[in-house]
Amino acid sequence: MKYRRLGRSGVKVSEISLGSWLTYGGTVGRETAISCIHRAYDLGINFFDTANVYHRGAAETILGEALKGLPRTSYVLATKAFWPMGDGPNDRGLSRKHIIEQCNQSLQRLGVEYVDLFQCHRYDPETPLEETLRALDDLIRQGKVLYAGVSEWSAVQIDDALHLADKRGFDRIVSNQPQYSMLERYIEKDIIPLCEREGVGQIVWSPLAQGMLTGKYKRGQAAPEGSRAATPTTAQSISRFLTEENFSKVEQLQRVADQHEITLAQLALAWILRQKNVSSAIIGASRKEQVEENAKASEIVLSPADIEQIEAILV
């Protein structure tokens, strides 16, 4: 496993990280989830991502159980806050009240004294940006959070946060967590150029386009049993990728992967890691074998000719 700096910060994270959205605490059983997390750790994955809203805290609880007993200095733990965690008017958003309360509750569920990275899960237009950044800075000064980041913020929102942090003397955000894959490339236009200049790293989610880039879904065939597309609670997350255009791309990309004697998933992850601004690609796994397969992508380096061939398919 190779490691990269989280943005311009000094902390290093594994190129492949393990997430818990839609899986742990939900469709994947407790024992299976813990075995996947332990296998990831054994393979050198040191970065584990979760959020308070994932199954209303259940994902954090299971991740905390799995990491219990491992040296706290040996892994980087990330969580998030923004989405509703209750029915009250203050049970959501990025107010000082919600951030402080949710951070404390996440620490309790995870069973740790601090999280390495605390992320704003979305931008909150109803809360002054200064209030949000000051709350994050206070958590950092209290030692409950080591670094702050955001998720799915626009280039303008990230730029505003960086300039305000500099003006007020707050700790800067070090990362952004956007969706990014061969089939979802919107961050390349504005977000990556800004973040490269400002030292903000990308921690990308859904690098396999909800499973579309694993090759498991075939044109004109029913979705495999147990897959996200065949599971009512997760089918909506992948439905937009199941298009004729994407099936055509996947079929061509599969041939490229076969030429290199690697899996399509490994090709897709290696393609993402060509971006120097990407600090880590978050995978999801319901089996240890998936963790093992995807972790190998860190070893694969695509040549300029490979990138050109892939680009011709994607464009």
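**Close-up views of a predicted model**

**View 1. Helix 2 crosses helix 3.** In this predicted model, the axes of helix 2 (residues 58-67) and helix 3 (residues 96-110) come within 7 Å and cross at roughly 45°. That angle falls outside the ranges for parallel, antiparallel and perpendicular, so the two helices count as oblique to each other. On the helix 2 side, the contact is made by Glu-60, Thr-61, Leu-63 and Gly-64, and on the helix 3 side by Ser-106, Arg-109 and Leu-110. Sorted by type, the residues of this contact come out as two nonpolar, three polar and two charged.

**View 2. Gln-102, a residue of helix 3.** Is Gln-102 buried or exposed? Its relative accessible area is 4%, and the cut-off for buried is under 20%, so Gln-102 counts as buried. What does the side chain of Gln-102 make a polar contact with? The partner is the side chain of Asn-52, at 3.1 Å. Setting aside neighbours within four places in sequence, Gln-102 touches Asn-52, Ala-81, Met-85 and Arg-109. Arg-109 also turns up in View 1, as one of the helix 3 residues that meet helix 2.

**View 3. Strand 10 and its two parallel pairings with strand 3 and strand 9.** Strand 10 (residues 278-283) is mostly covered, with six of its six residues buried. Strand 3 (residues 16-18) runs parallel to strand 10, and three bridges join them. Within that pairing, Ser-17 has Ile-282 of strand 10 as its bridge partner. Strand 9 (residues 201-204) also pairs with strand 10 in the parallel sense, over three bridges. Here, Gln-202 is bridged to Val-278 in strand 10. For anyone tracing side chains in this view: in a regular strand they alternate between the two faces of the sheet.

**View 4. Helix 9, wrapped up by its surroundings.** How many of the nine residues of helix 9 (residues 264-272) are buried? Nine of the nine are, so helix 9 is largely enclosed by the rest of the structure. The buried residues are Leu-264, Ala-265, Gln-266, Leu-267, Ala-268, Leu-269, Ala-270, Trp-271 and Ile-272. Which elements do they pack against? The helices are helix 8 (244-259), helix 10 (288-295) and helix 11 (304-314), and the strands are strand 3, strand 9 and strand 10. Those strands are the ones from View 3, where strand 10 pairs with strand 3 and with strand 9. When picking out side chains along a helix, keep in mind that an α-helix has 3.6 residues a turn, so residues three or four places apart point the same way.

Note on methods:
Residues are numbered from 1 along each chain as its sequence is written. This is a predicted model: local features need pLDDT of at least 70, side-chain atom pairs count only at pLDDT 80 or more; totals for chains, interfaces and linings use all residues. Side-chain values use heavy atoms; hydrogens and water are left out. Axes are lines fitted to C-alpha atoms, for helices over the stretch in contact, and angles run from 0 to 180 degrees between N-to-C directions. Helices (H or I, at least four residues) and strands (E, at least two) are DSSP runs, numbered from the N terminus. Angles under 35 degrees count as roughly parallel, over 145 as roughly antiparallel, 65 to 115 as roughly perpendicular and the rest as oblique. Contact means heavy atoms within 4.5 Å. Ala, Val, Leu, Ile, Met, Phe, Trp, Tyr, Cys and Pro count as nonpolar, Asp, Glu, Lys and Arg as charged, and the others, Gly among them, as polar. Buried means under 20% relative accessible area, exposed over 50%, partly exposed in between (1.4 Å probe, protein chains only). A polar contact is a pair of N or O atoms within 3.5 Å; within protein, one must be able to donate a hydrogen and the other to accept it, and residues adjacent in sequence count only if both atoms are side-chain atoms. Two strands pair if DSSP finds at least two bridges between them.
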